[in-house]
Amino acid sequence: MDGGVHLVVLPESQAEHVWRGDDPSTLIETDASAFSSDAKWFLRSEDHEFQIGIFGAAQPSGGQPLTPAGRSGLFAQYRATVPELELHASVTKVQDAKPRTPWTLGPTLAWRPNAIPEKPAISEFANAAVWKMDVPPVPTSAQISDVWLNIDYQGDEARLSNAKSLLDDNFWNGLPWKISLKQTLPHWRTSRSDLELSVLPLPKSYPFYIEEGTKEHFDQSGLALDLANVRLVPEYQVVVELSTGR
């Protein structure tokens, strides 16, 4: 009925991938992360192939070329592909870990009777395991919004530095450590970066929570310390302009 309200009910699996932008009459369906600014939609994904569904009167009118791909229910489907980017960091171990001092425990409190370890002192990292990382520049022509440095390691605390300062640190929780090159390295798209990763070993009797399902690998001395993998993961981006013709 003209002027009426249309109620659309979507299954949960589909609704979780539907986005609404500045124009409430238009919905976007995609597995990518998405946000809009006026008529422009920005889609970001670790997959260089994008599947995009559009609901409403809006039609692609600019930005990334889209290829029509039929319909799926209420959504007109399109595809977009950007050139795939391969980046690899060179990693070299330069120092093995040395025996570390026992944890310094913090005070007990009325609501927390069990003392927990204090953050390791900076001086302790003189005895940490150390790896050098050579991170290449990202081509300026690449259609990406960021590149993530994924560090899959085991240990206690890890620190990422360059020649000038500490860039970021992380307490291991069983999950890979993800670092944004865009936020961490000012010249990530114009020059290579020499980084240093330092990791303190984790004793077997650690008094804190590690993500359930994690398989620690302790050596014969009862320490967990390992750098399993370092990857550079591009976050691809497409920009789509939509027009309702009004």
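Trainee: Which β elements each supply at least two residues of the lining of the largest pocket?
Mentor: This is a predicted model: local features need pLDDT of at least 70, side-chain atom pairs pLDDT 80 or more, while totals for chains, interfaces and linings use all residues. Numbering starts at 1 along each chain as its sequence is written, and side-chain values use heavy atoms, without hydrogens or water. Strands are DSSP runs of E, at least two residues long, numbered from the N terminus. Each supplying at least two lining residues are β10 (129–135) and β15 (193–199).

Trainee: Which element gives the most to the lining of the largest pocket?
Mentor: The lining holds 17 residues. Four of them come from one strand. That top contributor is β15.

Trainee: How much space lies in the largest pocket?
Mentor: A pocket is an open set of 1 Å grid points with protein on both sides within 12 Å along at least five of seven lines; lining residues have an atom within 4 Å of a point. Closest to the centre of the largest pocket are N162, A163, K164, S193 and D194. Its volume, the space filled by probe spheres set on the points, is about 370 Å³.

Trainee: How many residues of each class line the largest pocket?
Mentor: Asp, Glu, Lys and Arg count as charged; Ala, Val, Leu, Ile, Met, Phe, Trp, Tyr, Cys and Pro as nonpolar; the others as polar. The lining of the largest pocket divides into six nonpolar, six polar and five charged residues.

Trainee: Which residues lie nearest the centre of the second largest pocket?
Mentor: About 180 Å³ of space lies in the second largest pocket. Its 14 lining residues divide into eight nonpolar, two polar and four charged. Nearest the centre are L85, L87, L232, V233 and P234.

Trainee: Which residues line the largest cavity?
Mentor: A cavity is a set of points where a 1.4 Å probe fits but cannot get out. The largest cavity has a volume of about 30 Å³. By class, its lining has seven nonpolar, no polar and no charged residues. They are I28, W41, L43, I52, I54, V240 and L242.

Trainee: How far apart along the chain are F55 and F75?
Mentor: F55 sits in strand β5 (residues 49–55) and F75 in strand β8 (residues 75–81). Their pair links distant parts of the chain. The separation is 20 residues.

Trainee: Is F75 buried or exposed?
Mentor: Buried means under 20% relative accessible area, exposed over 50%, partly exposed in between (1.4 Å probe, protein chains only). F55 has 26% relative accessibility, so F55 counts as partly exposed. F75 has 2% relative accessibility, so F75 counts as buried.

Notes. Helix = DSSP H or I, 4+ residues; strand = E, 2+ residues; numbered from the N terminus.
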